[in-house]
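Student: I'm new to this one, so could you take a single part and walk me through it closely? I'd like a helix, and what it packs against.

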Amino acid sequence: MSNRRNFLKKSVLFTSIFGMAPWASSLAKENIYSPTGKATIISTWNHGIQANEAAWEKLRNGGASIDAVEVGVRVPESDPNNTSVGLGGMPDRDGHVTLDACIMDPTGNCGSVAGLEHVENPISVARKVMTETPHVLLVGEGALMFAEEQGFKRTNLLTESSKKAWKEWQKKSEYKPIINIENHDTIGLLAQDENGDISGACTTSGLAFKMRGRVGDSPIIGAGLFVDNEIGGATSTGMGEAIIKVAGSHLIVELMRQGYEPEEACKAAVERVIKKEPNYRNLQVGFLALRKDGSTGGYAIHKGFNYALMTSATSNILIDAKFKV
Ligand code: SD4
């Protein structure tokens, strides 16, 4: 639990016992860390709560949104119990854990890796692609070579429990390339800092037991993530193929440019997916958006998509997204 959480918990306790908290003014001062009220973080699924906490520590210390999004998503990446991101992610059908990630900053710079193996925090490699190369996307072996050149250490990403799940899957080896409502966990995280600048990050191990070489939406700028600092940002989770086909995150930012509210824009993108995807009843897609004015929203095809929102006003809460069917 962060110092801020502890502090607030203690404040509430003291106030309920003794009336006005003597440190009420310092509580107010605590809130000054967000004097413009612009610090906002939104991220996918339950694990967004811990990711938001880590990202908030950056923002409250005056950090830039690009640092906050990286630090935030590294938390589920490094969690061996999270089977859809980073360490502990489910392997492809040949037993290789291959990771996809991208990051985008307020200037529109971006970096991405796809099919990266043996590196626990692909988001940090994506950031290095952005800052240390003239390119946007590195894949597979080349991405790993680059990561090692940059000093990233090789790690075995296949945990015992993911290996067990893969062995179990091998008994039937049924290829089911569908992400439905039970089968998900990618983290997409958008943050706005005190200067009002927006960045985003998205990271995943993708579809469990996917074909070797399959890449989803998460490392594709415009699909799994898009940021235009004049307008806002969007990110996605769910069936990557369906999201790529409509360039989902870019679509949402463009709809916000036209005046859509964040939730309306996410809903319109879901409707676009449904229109283009005959199989939409069997797959899940969820979108999140953060607009320049700090407003946020989410929407999914099916019930079951939730997201974590953290602002000075809301603290850190889980919200069930509205859904279409
Ligand atoms: C993909 N969108 O690889 C990712 C998977 C995902 O929650 O979001 N899982 O298609």
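Tutor: Let's look at which residues of α10 are buried, meaning under 20% relative accessible area with a 1.4 Å probe and protein chains only. They are P262, A265, C266, A268, A269, V270, V273 and I274. This is a predicted model, where local features need pLDDT of at least 70, side-chain atom pairs count only at pLDDT 80 or more, and totals for chains, interfaces and linings use all residues. Residues are numbered from 1 along each chain as its sequence is written, and side-chain values use heavy atoms, with hydrogens and water left out.

Helix α10 itself covers residues 262-276, 15 residues in total. Helices here are DSSP runs of H or I with at least four residues, strands are E runs of at least two, and both are numbered from the N terminus. From first C-alpha to last, α10 reaches 21 Å, close to the 21 Å expected at 1.5 Å a residue; that expected span is 1.5 Å times one less than the number of residues.

As for that buried list, an α-helix has 3.6 residues a turn, so residues three or four places apart point the same way.

And what do the buried residues of α10 pack against? Their partners are two helices, α8 (240-245) and α9 (248-257), plus two strands, β9 (285-291) and β10 (296-300). Contact here means heavy atoms within 4.5 Å. So picture α10 with P262, A265 and V273 among its buried residues, and with β9 and β10 among the elements they pack against.

How values were computed: Buried < 20%, exposed > 50% of the residue type's maximum accessible area, 1.4 Å probe, protein only.
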